[in-house]
Amino acid sequence: MDLQHTMRALIRGIPRIAIGGVPAERAGDERLAYRRLHLQPTGIQLSADFNDGGAIPREHGADGASLPVPLSWSQVPRGTRSLSLLVEDPDAPTPNPFLHWALYGITPSARDVAQAIASGANVGRNSMLRSGWAPCAPPKGDDAHRYVFQLFALDIVPHLGPHCGRSAVVDAMRRHVLGLGLLTGTYRR
């Protein structure tokens, strides 16, 4: 990646600030990947160490151990050839949701993140331009942010290499989604 491309990527991640220090723009729900793909949940069940809508344990945040969420799933639709996972924060003070995690090319027999990674899933680049889990770290003083775990069942295995970003993963999934599971957690500092 050349310096100019790197600088543009970093600038896109800087919050836009309005007069008085209030963020000028929040990503919003309509910019989540599943909304951009015009999808609704279809019955894939997701579970973690918190309930849907509940607080994500501190150990998964930047103020804790920064451990990835131990996500598991069931009821993957028949005909699934691969799975993709995106975890986004629509409350981030950025134009697009902050991407915390991207895994794609997950074998359909995997039932949790550990199995997915062990079986060779690709780990994408998060909004911090690093591969892997970016711990929950909303700005201090903000209301609780929502973290939307989106698991997509696909009728293809995307031809993507490792370390792809959100746009490449979403584009590869377009018109190939068989099912969708959602789980939302909250985190506040």
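In this predicted model, a search of the whole structure identifies seven salt bridges. One of them is formed by the side chains of Arg189 and Asp63, with a separation of 2.9 Å from N to O. Because Arg189 is located in the segment after β7 whereas Asp63 belongs to the loop between β1 (45-47) and β2 (72-74), this pair ties together parts of the chain that are 126 residues apart in sequence. Both partners are partly exposed, Arg189 having a relative accessibility of 32% and Asp63 one of 30%.

A further salt bridge is found between Arg146 and Asp91, whose closest N and O atoms lie 2.8 Å apart. Here, too, distant parts of the chain are linked, since Arg146 is situated in strand β6 and Asp91 in the loop between β3 and β4, with 55 residues separating them. The two side chains of this pair fall into separate accessibility classes: Arg146, with a relative accessible area of 28%, is partly exposed, whereas Asp91, at 16%, is buried, the value for Asp91 being under the 20% limit that applies to buried residues. Through salt bridges that share partners, Asp29, Asp91 and Arg146 are joined into one network. Another salt bridge pairs Arg174 with Asp171, the closest N and O atoms being 3.3 Å apart; in this case Arg174 is partly exposed, with a relative accessible area of 31%.

Turning to the nonpolar interior, the largest core comprises 26 residues, and those with the most contacts inside it are Leu46, Ile56, Leu71, Trp73, Leu85, Ile106 and Phe149. At least two residues of this core are supplied by each of the strands β3 (82-89), β4 (98-106), β6 (145-154) and β7 (177-187), and likewise by the helix α3 (113-118). The largest share, amounting to four residues, is contributed by β6, the strand that also carries Arg146 of the salt bridge with Asp91.

The surroundings of Ile106, one of the core residues with the most contacts, can be described in further detail. When residues up to four places away in sequence are not counted, Ile106 touches Trp73, Ser82, Leu83, Ser84, Leu85, Ala116 and Ala121. Of these neighbours, Trp73 and Leu85 are themselves listed among the residues with the most contacts inside the largest core. Apart from this core lies another, made up of 18 residues, including Leu32, Leu86, Leu154 and Met173.

Key:
Residues are numbered from 1 along each chain as its sequence is written. This is a predicted model: local features need pLDDT of at least 70, side-chain atom pairs count only at pLDDT 80 or more; totals for chains, interfaces and linings use all residues. Side-chain values use heavy atoms; hydrogens and water are left out. A nonpolar core is a set of buried Ala, Val, Leu, Ile, Met, Phe, Trp, Tyr and Cys residues joined through side-chain atoms within 4.5 Å. Buried means under 20% relative accessible area, exposed over 50%, partly exposed in between (1.4 Å probe, protein chains only). Contact means heavy atoms within 4.5 Å. A salt bridge is a side-chain nitrogen of Lys or Arg within 4 Å of a carboxyl oxygen of Asp or Glu.
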